[in-house]
Structures are given as structure tokens and as C-alpha cells.
Amino acid sequence: MSEFVTRRSVLAGAGAGAALTTLPISMVTLAFGGEREDFTFTYISDAHIQQIKGASFVRNWDQGLKRAVAEANLVKPESDFVIFGGDLAQLGKREELDHGAEMLSKLKGRLHAVMGEHDYYFDLGDYWSKLYGPHYYSFDHKGVHFIVLNSILTSEQWTFHRWPTAEQRMLEMAGLDNPNGSPFMVGDKQRKWLANDLAKVDKKTPLVVFSHSPLQKIYKGWNFWTDDAEDVQALLQPFDSVNVIYGHVHQIQYNQIGNISFNSVMATAWPWPYPQSYVQAESHLPVLTIPMNRADPFFERDATGWQLIDIGSGRVTARYQLWDNDQRTVAFDHKAGHPVDIAYQEPTRRRLPQTHY
């Protein structure tokens, strides 16, 4: 596979509006230097469409998704398909899912959807499945094996036996820093399915895995966490090239665990601060490659933006175009063996996490 991919073919003809967009459209280019056919796909995530009453919805979240869809449709050449990365709804209601699905229906090309916890815990994904099909699945496209996982499951006791109503269960899982929440997981049944799916795939085939929560353990207090992450990683490690792309965290993260490269995508709804900046809770974070600090977590669109993700040589290069911050490029460094923030990796150039709230 090729060592480097330029943006020119993706952005040509897209127009100034697409080039200057401030919403998280992740245009992903997979380039294989003649071994396989190059192609692109677009990634949009975390819309959190929220009903106020009747036909009234929170306008900001509506406008974020509408603009992302409109600008995704401007990409030239057209993407082969679109991924929606989860949390289409805020409280999992049919009205929210229908409203979000209507906006997504305007996308050109085929849509593949990932389940988010806000889509699931009201009716355990029943209505979401009627819109988008199975909760987890895989597909092949031009020599790449794609896997979509439902990473936001939890224990049967928590799910089925703890709450008096479905509405209460949804509210408990939706709350940040909620002691009544529960860690996410992929679960035994789905891991067995994954093992069987991977058994049919050659180890040299590039893998791209989509999950909603990170398939790693970052910060349990906010459920930036998957309890059985190590078990899932063990199934992926034998492959030569593995990239996990996830939403959920509403911020820029990147990491390397063994042979697996991790990259988050941003939200169309709002940004989260980094856990280190949250003074109301202790933060016991693992050692990560350096995440990107934002200028101001209170600014509504700060660290929402669009990103172009190239996958060359089996590794991700993410170029972030941000609303109120410097542009960033996060690329895999073959000498270091992990992704690096090209402009801000040096300690003297990093911004400390904010602690003003």
C-alpha cells in the first residue's frame, strides 16, 4: 500500500463551502499503490438529535447534522459510502430517530450505521434496527474488510432488571458522571461472532473497525471505556493492518496499542472537554499518545470541525480543519511506532488542559 495520499483528489471540485466547513465530515481515503483500487468514504458522527415537543427539536443539533450532510454531498469525487458513527438520537425516541434519519436520507450513496448508546437504551435498539438493520455486521469493499461493532452493551442485570421504565434506563445511561451508569462492552456473544468473522479473513487483509465507544480504556467516569477492550484487541492483533475509528468522545484522540491504531472522530453536536480538565472528578488516565488540547471548551463549536483521514501503508493520517483552533495533522510515525501530532508533539508546544470549570 502507498506511503502517502494527497487530498487533491478528494477536495477537487468540492467548492469553497466544503473546503472551509467547520463540521465533522471525515473523508477517508484508502490508497493501495496499485495493489488494490483506491477509494474514499465519508464519516459523520454524534448528532444527538433531541426532541423538545412535537415537531420542535433542538435547533443547534439539527443544523449541525444538516450541514454535515449537505457538505458531504459536495465531495468530489463522490465517496463510495458514508458511515454514521452513532448517537443519532439523544434519548432514543422514535421521533428523534425518524427526524435524524430523514436528514441522513439526503446523503448520496450507501449509508452504513453504527449503534450509539443514545440510540439503544430506550428500546434496546429495536426501532434503530428497523431503520438501519443489524446491530453489528461486516462487509468487504475493494480489498478491505470492514467491521461494525455494537460496543455499548452492558450486563443483563443492569439492562433488564434494574429500572422501572425504559425512559429511566435511557436517562441513567445518558448521564455524564452518573454513578448509576454502567461500563460499556462488546460482550461474549458478539466477540464469538467477531472471532468467526475474522477466521475467514486473510491476515494480510487491511481491517477497518468502526465502534461507537473506544475499543480501549481511556476514562471510566465518562464511559470513554469498553470493559472487554483487551479481549477485542486480542482478536484484532494477528492482522498486519488494523485501524479502529470511533465516535462517542466528541474530541480528538489517537493512540496505538500493539498493531492497532486508534483515531476518534468529532461530533456534529457539541465538543466535550478532555477528562484531565474536569476538576469535579479524579482522572486516572492510561498513558496515551498526546491528545489535542482545545482553546476553549466553552466555545460551542471549538474542536468540532471536519477531518480528512488517509489510510496509507495501513495507517491513518488525520488532518483536522478546526473552527477556533490551529489546524492539526495526526499521522502514524513509523519510527516511533505510533501516531503523533505533527505540529504539537513536542512538550514545549503543548497546551495544558484547562481547569476553569
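**Cores and aromatic pairs in a predicted model**

Gln251 has a relative accessibility of 0% and therefore counts as buried, the cut-off being under 20% relative accessible area. The structure is a predicted model, and the values here are computed from it. Gln251 is placed in the loop between strand 12 (242-246) and strand 13 (254-257). The side chain of Gln251 is in polar contact, at 2.7 Å, with the side chain of Gln253.

From this polar residue we turn to the nonpolar cores. The largest nonpolar core has 32 residues, and among these Leu65 and Tyr121 touch the most other members. Two or more residues each come from helix 3 (59-72), strand 5 (81-84), helix 4 (94-104), helix 6 (126-132) and helix 8 (166-174). Of the elements, helix 3 contributes the most to this core, namely five residues. A second core, separate from this one, holds 22 residues, including Leu149, Leu198, Leu215 and Phe262.

Tyr121 deserves a closer look. Leaving aside residues up to four places away in sequence, Tyr121 touches Ile152, Leu153, Thr154, Trp158, Thr159, Ala166, Arg169, Met170 and Met173. Tyr121 has a relative accessible area of 0%, so this residue is classed as buried.

One of these contacts leads to the aromatic pairs. The model has 17 aromatic pairs. A pair of aromatic rings is described by the distance of the centres and the angle of the planes. For Tyr121 and Trp158 the centres are 5.8 Å apart and the planes are at 85°. This pair is edge-to-face because the angle is over 60 degrees. Tyr121 lies in the loop between helix 5 (117-120) and helix 6, while Trp158 belongs to helix 7 (residues 156-161). The two residues are 37 residues apart, and their pair links distant parts of the chain. Trp158 is also buried, because its relative accessible area is 2%, which is under the 20% cut-off.

A further edge-to-face pair is formed by Trp222 and Phe224, with 5.6 Å from centre to centre and 80° between the planes. Both Trp222 and Phe224 are buried.

Aromatic residues also appear in a wider grouping. Phe41, Tyr43, Phe81, Tyr137, Phe139, Phe146 and Phe210 make up one aromatic cluster. Elsewhere, a charged residue is placed against a ring: Lys203 lies over the face of Phe239, 5.1 Å from the ring centre.

How values were computed
Residues numbered from 1 in each chain as written. Predicted model: local features only at pLDDT ≥ 70, side-chain atom pairs only at ≥ 80, totals over all residues. Heavy atoms only, no water. Core = buried A, V, L, I, M, F, W, Y, C linked by side-chain atoms within 4.5 Å. Buried < 20%, exposed > 50% of the residue type's maximum accessible area, 1.4 Å probe, protein only. Helix = DSSP H or I, 4+ residues; strand = E, 2+ residues; numbered from the N terminus. Contact = heavy atoms within 4.5 Å. Phe/Tyr/Trp six-rings, centres within 6.5 Å; stacked < 30°, edge-to-face > 60°. Lys NZ or Arg CZ within 6 Å of the ring centre and 35° of its normal. Polar contact = N/O pair within 3.5 Å; in protein donor to acceptor, adjacent residues only side chain to side chain.
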